[in-house]
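Me: I'd like to go through this structure with you, one question at a time. Shall we begin with the charged pairs and then move on to the surface and a pocket?

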Amino acid sequence: MHPISIIELLISSGGLLTIFMIAVILKGKWRKRFFGVAAMYLVIVSVFFLARPYWIDFQQDKKVEYLEMYLKEKYPKETWEMKKVPHREAGFAHLNPYVISVYFDTEPGVIYEYYIENGNEISQSGYGVEEGSIPEMIHLER
């Protein structure tokens, strides 16, 4: 499990424990209300942790569409392959799932990474080169 996930779970558990402890201290109708608040909090946090991977997948798909339109406009005669971060697989949790890697067919051995924000703000956030190759970097955006 990724350290950020552990921290999120600890904070969520701490919030639930705090609400539960307050409910134990109080009496009467306030105790019942705080137990109800604790139950609602537990449901909300559970839905958040269960729905988040699907939300990330949905956002990734939208960003791929935006990037596809951007690349078709900027490089109309080029062909490319895009790869998303497989955020659900072990070993990839430390990577930003919203960065999309693009491999241009005319420039083998080079990976360009794009970050899309708000659908219309697309920027090249980085690049990578295979070891031993010295490419021209014709798609590098400065």
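Me: How many salt bridges does a search of the whole structure find?
Reply: Happy to help, and please keep in mind that this is a predicted model. Side chains of opposite charge can pair when their charged atoms come close. One such pair is R52 with E8, and another joins D61 and K84. The search of the whole structure gives a total of two.

Me: How far apart are the closest N and O atoms of R52 and E8?
Reply: This pair links distant parts of the chain, with R52 in helix α2 and E8 in helix α1, 44 residues apart. In space the two side chains meet in a salt bridge, which needs a nitrogen within 4 Å of a carboxyl oxygen. For R52 and E8, the closest N and O atoms are separated by 2.9 Å.

Me: Is E8 buried, partly exposed or exposed?
Reply: A residue counts as buried under 20% relative accessible area and as exposed over 50%. Its partner R52, at 24%, is partly exposed. E8 has a relative accessible area of 23%, so the class for E8 is partly exposed.

Me: Where does K84 lie, given that K84 and D61 link distant parts of the chain?
Reply: The side chains of D61 and K84 meet in a salt bridge, 2.7 Å from N to O. D61 belongs to helix α2, and 23 residues separate the pair; K84 is in the loop between β1 (80–83) and β2.

Me: Which helix gives the largest share of the nonpolar patch?
Reply: The patch covers about 450 Å² and is made by L17, F20, M21, V24 and F35. F35 lies in helix α2 (residues 29–74). Four residues of the patch, the largest share, come from helix α1 (residues 3–25).

Me: Why can F35 join the patch, and what is its relative accessibility?
Reply: Patch residues need over 30% relative accessible area and no salt bridge. F35 passes that accessibility cut-off, because its value, which counts as partly exposed, is 33%.

Me: Which element gives the most to the lining of the second largest pocket?
Reply: This pocket holds about 170 Å³ of space, and its lining includes K84, F92, V99, Y103 and I111. β2 (99–104) and β3 (110–117) each supply at least two lining residues. With three residues, the element that gives the most is β2.

Me: How many charged residues does the lining of the second largest pocket have?
Reply: Lys and Glu count as charged, and K83, K84 and E113 are among the lining residues. Seven lining residues are nonpolar and two are polar, while the number of charged ones is three.

Terms used
Residues numbered from 1 in each chain as written. Predicted model: local features only at pLDDT ≥ 70, side-chain atom pairs only at ≥ 80, totals over all residues. Heavy atoms only, no water. 1 Å grid on protein atoms, 1.4 Å probe; cavity = no way out; pocket = protein on both sides within 12 Å on 5 of 7 lines; lining within 4 Å. Points joined across faces, edges and corners; volume = space filled by probe spheres on them. Patch = residues over 30% accessible without salt bridge, like charges linked within 9 Å, V, L, I, M, F, W, Y side chains within 5 Å. Areas by Shrake-Rupley, 256 points an atom, 1.4 Å probe, with all protein chains shown as cover. Buried < 20%, exposed > 50% of the residue type's maximum accessible area, 1.4 Å probe, protein only.
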